[in-house]
Amino acid sequence: MPALLSAVTDRSDGTEAHPASFRTVAGPGESRFEVRGSEFIGYVAPANTVQEAESFVDRIRERHPDATHNVPAYRVPADAESAETGTNRATGTMLREYQSDDGEPSGSSGKPALNVLVQREIRNVAAVVTRYYGGTNLGVGGLARAYSRAVKDAVDDAGVVETVPHERFVVTVEYDDSGTVRGLLESSDAEFEGTYEADVAFEVRAPVDEGATLRDRIRSATSGRADIER
């Protein structure tokens, strides 16, 4: 696999203030068009980690194994700690920017695809542009325009949202306390899923600036009986 382009951060001083909001895609997006016989299909999707981004790239490659090229680009947090929270407590968010030309002429495809994400100031996102060659060479300039357009149109299809950093934690309680905890979670801005087995476990995703308060409320409401793991 080609080397990483760089590990970068906020465009000014290399950090993002915690818990600053950031721009990302609202969900999956897709585009499709033809240029002089070649078909271009653009895909984008949210990705919070390098692993998620690579998994998305692999899925698109598996979807189009007969394509001439599957060109990837992504901008995601470089480590697990900053993936959801948007911050590395010591140095600020480090974003990993990756692209590959996947056999196209150097600089004609991966870099233009990544540049769209950078110029739109979108992060936590992965993109892949699939090309089926149509028999006519487009030149470096023509390829750059096509790959850029594929990502731009896919981002427009997905929509861009501004979101705040989130964190995840798991709350485990006995059944007697489960209703109380569920009520607190439902009245908050947190997203959660409950698993009811011997005990009840709530997997919680909450805004960083609300997580600590929510955990304190849960501990207080259960008189400390709740087991909370971050």
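Begin by selecting Val25, Phe40, Val44, Val151 and Val155, which touch the most other members of the largest nonpolar core, a set of 23 residues. A nonpolar core here is a set of buried Ala, Val, Leu, Ile, Met, Phe, Trp, Tyr and Cys residues joined through side-chain atoms within 4.5 Å, where buried means under 20% relative accessible area, exposed over 50% and partly exposed in between, with a 1.4 Å probe and protein chains only. The model on your screen is predicted, so that local features need pLDDT of at least 70 and side-chain atom pairs count only at pLDDT 80 or more, while totals for chains, interfaces and linings use all residues. Residues are numbered from 1 along each chain as its sequence is written, and side-chain values use heavy atoms, with hydrogens and water left out.

Next, colour the elements that give two or more residues to the largest core, namely strand E4 (38–46), strand E5 (69–77), helix H3 (110–119), strand E7 (125–132) and helix H4 (139–158); helices (H or I, at least four residues) and strands (E, at least two) are DSSP runs, numbered from the N terminus. The largest share of this core, 8 residues, comes from H4.

Now return to Val25 and show its contacts (heavy atoms within 4.5 Å). Leaving aside residues up to four places away in sequence, Val25 touches ten-membered company that can be picked out by name: Val44, Ala45, Pro46, Ile122, Val125, Val155, Ala158, Gly159, Val160 and Val161. A second, separate core of 15 residues includes Val171, Val181, Phe202 and Leu214.

Then select helices H3 and H4 together, which pack at an angle of about 35 degrees with their axes 8 Å apart; the axes are lines fitted to C-alpha atoms, over the stretch in contact for helices, and angles run from 0 to 180 degrees between N-to-C directions. Pro112, Ala113, Val116 and Leu117 of H3 make the contact with Ala144, Ser148, Val151, Lys152 and Val155 of H4.

For the next stop, choose Ala53, which has its place in helix H1 (residues 50–63) and is buried, with a relative accessible area of 0%. Its C-alpha atom is separated by 5.4 Å from that of Ala126, although the two residues are 73 apart along the chain. Not counting residues up to four places away in sequence, Ala53 touches Ala47, Tyr74, Val76 and Ala126.

Finally, select strand E9 (residues 166–173), which pairs with strand E11 (residues 200–207) in the antiparallel sense over 8 bridges, given that two strands pair if DSSP finds at least two bridges between them. Along this pairing, Thr172 stands opposite Ala201 in E11. E9 also pairs in the antiparallel sense with strand E12 (residues 227–229), over 3 bridges, and there Val170 has Glu229 as its bridge partner in E12.
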